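Student: I am looking at this chain as a newcomer, and I would like to understand the words people use for it. Could you walk me through them?

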Amino acid sequence: MTEETVDGAAKGNVECLPDDPALRGKILSKAGFLYFGAIEDKDRQLSGFLEVLVSYHGISKLTIAKMAGVEEQDIDRLLANPPEKVEIEVKYKIAVTVMELRFWLKDCELPI
């Protein structure tokens, strides 16, 4: 996407986006994620990354918990809306695991 396209979409001009509704939705979703990522708290960001792994990639919460060395309940707490309090050490383990999985799976995600 060009800078003009991004600027136009940010100003509400959706005519500059592709005609395909699915692709248009993905672009708007990612743009919103980037925008809100700058202003949202970090627990919500971690929760969003977890949600991608669970819903888009189909990785179970139990698998993520085992890889991180935490309890599945800790994953559930972070996926709650809003995310519930989780010990900082547990959160760190989950965040590292989430980053590793997202990095490993990035080639499986559809590009914009």
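**Reading a helical chain**

Tutor: Gladly! Let us begin with one residue: leaving out residues up to four places away in sequence, L46 touches L78, K91, I94, A95 and V98. Please keep in mind that this is a predicted model.

Student: Where does L46 lie, and is L46 buried or exposed?

Tutor: L46 lies in helix α3. Its relative accessibility is 9%, and buried means under 20%, so L46 counts as buried.

Student: What separates the C-alpha atoms of L46 and K91?

Tutor: Those C-alpha atoms are separated by 8.8 Å, with L46 and K91 45 residues apart along the chain. For A95 and L46, which are 49 residues apart along the chain, the C-alpha separation is 6.6 Å.

Student: Why is A95 called partly exposed?

Tutor: A95 is found in helix α6. The relative accessible area of A95 is 23%. Partly exposed covers the range between under 20% and over 50%, so A95 is partly exposed.

Student: Now the whole chain. How many helices and strands does the chain have?

Tutor: The secondary structure comes to six helices and zero strands. Read from the N terminus on, the elements run α-α-α-α-α-α. Buried residues make up 29% of the 112 residues in the chain. Of the contacts with a separation of 6 or more, 55% are between residues 24 or more positions apart.

Student: How do two packed helices get described?

Tutor: Two packed helices are described by the angle between their axes and the distance between the axes.

Student: What makes α3 and α5 roughly perpendicular?

Tutor: The axes of α3 (residues 42-56) and α5 (residues 72-79) come within 8 Å and cross at roughly 115°. Roughly perpendicular takes in angles of 65 to 115 degrees, and α3 and α5 are therefore roughly perpendicular to each other. Their crossing is left-handed. In this contact, L46, S47, L50, E51 and V54 in α3 meet I75, L78 and L79 in α5. By class, the residues of the contact divide into six nonpolar, one polar and one charged.

Student: Why is α3 called oblique to α6?

Tutor: α3 and α6 pack at an angle of about 45°, with their axes 10 Å apart. Roughly parallel needs an angle under 35 degrees, and roughly perpendicular needs 65 to 115. An angle of about 45° fits neither class, which makes α3 oblique to α6. This crossing, too, is described as left-handed. D43, L46, F49, L50, V52 and L53 of α3 make the contact with K91, I94, A95, V98, L101, R102 and L105 of α6. The classes here are ten nonpolar, no polar and three charged residues.

Student: And how do you know that α4 and α6 are roughly perpendicular?

Tutor: The axes of α4 and α6 come within 9 Å and cross at roughly 110°. That value falls in the range of 65 to 115 degrees, so α4 and α6 are roughly perpendicular to each other. The crossing of α4 and α6 is right-handed. In α4, I64, M67 and A68 meet K93, I94, T97 and L101 in α6. This contact has five nonpolar, one polar and one charged residues.

Student: Which residues of the largest nonpolar core touch the most other members?

Tutor: Of its 16 residues, they are L50, L53, I64, V70, I75 and I94. The elements giving two or more residues to this core are α3, α4 (61-68), α5 and α6 (88-105). With five residues, α6 gives the most. As a broader remark, nonpolar side chains in soluble globular proteins tend to be buried together.

Student: Which residues is L50 in contact with, leaving aside its neighbours within four places in sequence?

Tutor: L50 is in contact with I64, I75, L78, L79, I94 and V98.

Student: What makes D74 count as buried?

Tutor: D74 lies in helix α5. The relative accessible area of D74 is 11%. The cut-off for buried is under 20%, so D74 is buried. Not counting residues up to four places away in sequence, D74 touches V86, V90 and I94.

Student: One last thing: which residues does a cis peptide bond join?

Tutor: The cis peptide bond joins N81 and P82, with omega about 0°. P82 lies in the loop between α5 and α6.

Methods. Residues numbered from 1 in each chain as written. Predicted model: local features only at pLDDT ≥ 70, side-chain atom pairs only at ≥ 80, totals over all residues. Heavy atoms only, no water. Axes fitted to C-alpha atoms, helices over the stretch in contact; angles between N-to-C directions. Helix = DSSP H or I, 4+ residues; strand = E, 2+ residues; numbered from the N terminus. Parallel < 35°, antiparallel > 145°, perpendicular 65-115°, else oblique. Left-handed = near helix turned anticlockwise from the far one by under 90°. Contact = heavy atoms within 4.5 Å. Nonpolar A, V, L, I, M, F, W, Y, C, P; charged D, E, K, R; others polar. Core = buried A, V, L, I, M, F, W, Y, C linked by side-chain atoms within 4.5 Å. Buried < 20%, exposed > 50% of the residue type's maximum accessible area, 1.4 Å probe, protein only.
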